[in-house]
Amino acid sequence: MGRVPNVTLADAQAALRNPLAFIAARWTPDPRTVRRAALVALVMAVVIVVTGGAVRLTGSGLGCPTWPKCTDDSLTTTREMGLHGIIEFGNRLLTYVLCAAVGWAIIAARSEKPYRRSLTRLGWAQFWIVMGNAILGGIVVLVGLNPYTVAAHFLLSTALIAVATVMWQRTREGDTEPRPLVGKAVRQLVWCMVAASVLLIAVGTVVTGAGPHAGDSSEVERMPVDWETVSKVHAVLAWIVVTLTFALWFVLKAVDAPKAPSARTRELFLILLAQGAIGYVQYFTDLPEVLVGLHMFGSCVMWIWVLRVLLSLRERPRTADADLTVPAAQASRATSASIAGPR
């Protein structure tokens, strides 16, 4: 083992004043470490959504009937609360794991050389979303699983996944000005797809809020809308997203677009087909809990890939590569420069 350096009083004071700067001054992570830290934060954001769904689907939403304690007299679950208490309290504990993952991403981003302020800000954005959602989760319990607060809780988790996805993508890029890989018409089509996906997810929360899985075995308020009608609207929106994705795939092939946008779009199309199949099966089999949970996981994966398609439409080379020019032969492959855009 190597010799452990002495820590002076000045070092201790510096660490207390600004621990992130103290760590950054003494540690430079490998770029792969930063990417992995961002990926872990993204994975944990998905895990917390899926486990939160498990809390609802097992009727454990009020397994801990109060917040921030589990009961009025106990911070943790008690034996008398049974399995529901364990499930709900376990989900609360996972919030600390998520915080640790986000904290690790922030430390890694802050310590990377050269320092990238934009990357660190994305990490801090995740932290504040997690803090806000933790408070909102407590409000959900205190108001007895009001479906509107449950919907807001899920939508804020979706925002967390979005920021985590952007940070993961940015760890593999530089800080140069983004350079579009496709034309304006293609970018507008993708933004329409993103908007439709946001609406699809939002309507999905209404399906949940009006549906039979209230999150607790007792009588819980539901949204005053017809569940089957909203489900059909949700299905129509899903088909709109599928159609837009297929149209995008066709256009990218027609203009001989770069590989990344085409590959991400193809992957999204397959994810949407799988997600749609699960959705129809769960609808016609009276919403079995396992399939509903799988559909929630699919929703997270779909949202990540929608964002990956959007982010694949441009490139941000690292500084060392920013001045490299694209070969003329590659640039001339586009059928229509106005649609395909710069290469």
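Two residues are in contact when their heavy atoms lie within 4.5 Å. With that idea in hand, let us walk through this predicted model. The protein chain has 12 helices and two strands, and 44% of its 343 residues count as buried. Among contacts with a separation of 6 or more, 78% join residues 24 or more positions apart.

**The overall layout**

- Reading from the N terminus, the elements follow the order α-α-α-α-α-α-β-α-α-α-α-β-α-α.
- That pattern comes from the 12 helices and two strands of the protein chain.

**Ser 262 and its surroundings**

- Start with one residue: Ser 262 sits in helix α9.
- Setting aside residues up to four places away in sequence, Ser 262 touches Trp 249, Leu 252 and Ala 257.
- Is Ser 262 buried or exposed? Its relative accessibility is 7%, so Ser 262 counts as buried, because the cut-off for buried is under 20%.

**The nonpolar core**

- The largest nonpolar core is made of 70 residues.
- Ile 161, Val 190, Met 193 and Met 302 have the most contacts inside this core.
- Eight stretches are worth finding in the 3D view, as each gives two or more residues to the core: α3 (31-57), α4 (82-111), α5 (117-142), α6 (147-170), α7 (184-210), α8 (227-254), α9 (259-284) and α10 (289-311).
- Which residues does Met 193 contact, leaving aside neighbours within four places in sequence? They are Val 241, Leu 244, Thr 245, Leu 248, Leu 268, Val 306 and Val 309.

**A cavity inside the model**

- Rolling a probe the size of a water molecule over the atoms shows where empty space is left.
- How many cavities of 30 Å³ or more does the structure hold? There is one, and the space in the largest cavity is about 40 Å³.
- The lining of this cavity consists of Val 49, Phe 154, Ser 157, Thr 158, Ile 161, Ile 201, Ser 299, Cys 300 and Trp 303.
- Two elements, α6 and α10, each give two or more residues to that lining, and α6 gives the most, with four residues.
- By class, the cavity lining has six nonpolar residues, three polar ones and no charged ones.
- Two of the lining residues can be followed further: Ile 161 is also listed among those with the most contacts inside the largest nonpolar core, and Cys 300 counts as buried, with a relative accessibility of 3%.

**The second largest pocket**

- The second largest pocket holds about 290 Å³ of space.
- It is lined by 16 residues, and those closest to its centre are Gln 169, Arg 172, Glu 173, Arg 314 and Glu 315.
- The elements α9, α10 and β2 (314-315) each give two or more residues to the pocket lining.
- Which classes of residue make up this lining? Nine are charged, four are nonpolar and three are polar.

**The disulfide**

- The structure holds one disulfide, formed by Cys 64 and Cys 70 with their sulfur atoms 1.9 Å apart.
- The torsion about the S-S bond of Cys 64 and Cys 70 is about -70 degrees, so this disulfide is left-handed.
- Both partners are tucked away from the surface probe: Cys 64 is buried, with a relative accessible area of 0%, and Cys 70 counts as buried at 0% relative accessibility.

**Backbone details to look for**

- Most residues other than glycine have a negative phi, and most peptide bonds are trans.
- The peptide bond from Trp 67 to Pro 68 is cis, with omega near 5 degrees, and Pro 68 lies in the loop between α3 and α4.
- The peptide bond from Lys 113 to Pro 114 is cis as well, with omega near -5 degrees; the place of Pro 114 is in the loop between α4 and α5.
- Leu 145, in the loop between α5 and α6, has a positive phi near 65 degrees though it is not a glycine, and at 6% relative accessibility Leu 145 counts as buried.
- Asp 256, which is not a glycine, has a positive phi of about 55 degrees and is found in the loop between α8 and α9.
- Is Asp 256 buried or partly exposed? At 30% relative accessibility, Asp 256 counts as partly exposed.

Terms used. Residues numbered from 1 in each chain as written. Predicted model: local features only at pLDDT ≥ 70, side-chain atom pairs only at ≥ 80, totals over all residues. Heavy atoms only, no water. Core = buried A, V, L, I, M, F, W, Y, C linked by side-chain atoms within 4.5 Å. Buried < 20%, exposed > 50% of the residue type's maximum accessible area, 1.4 Å probe, protein only. 1 Å grid on protein atoms, 1.4 Å probe; cavity = no way out; pocket = protein on both sides within 12 Å on 5 of 7 lines; lining within 4 Å. Points joined across faces, edges and corners; volume = space filled by probe spheres on them. Nonpolar A, V, L, I, M, F, W, Y, C, P; charged D, E, K, R; others polar. Disulfide = S-S within 2.5 Å.
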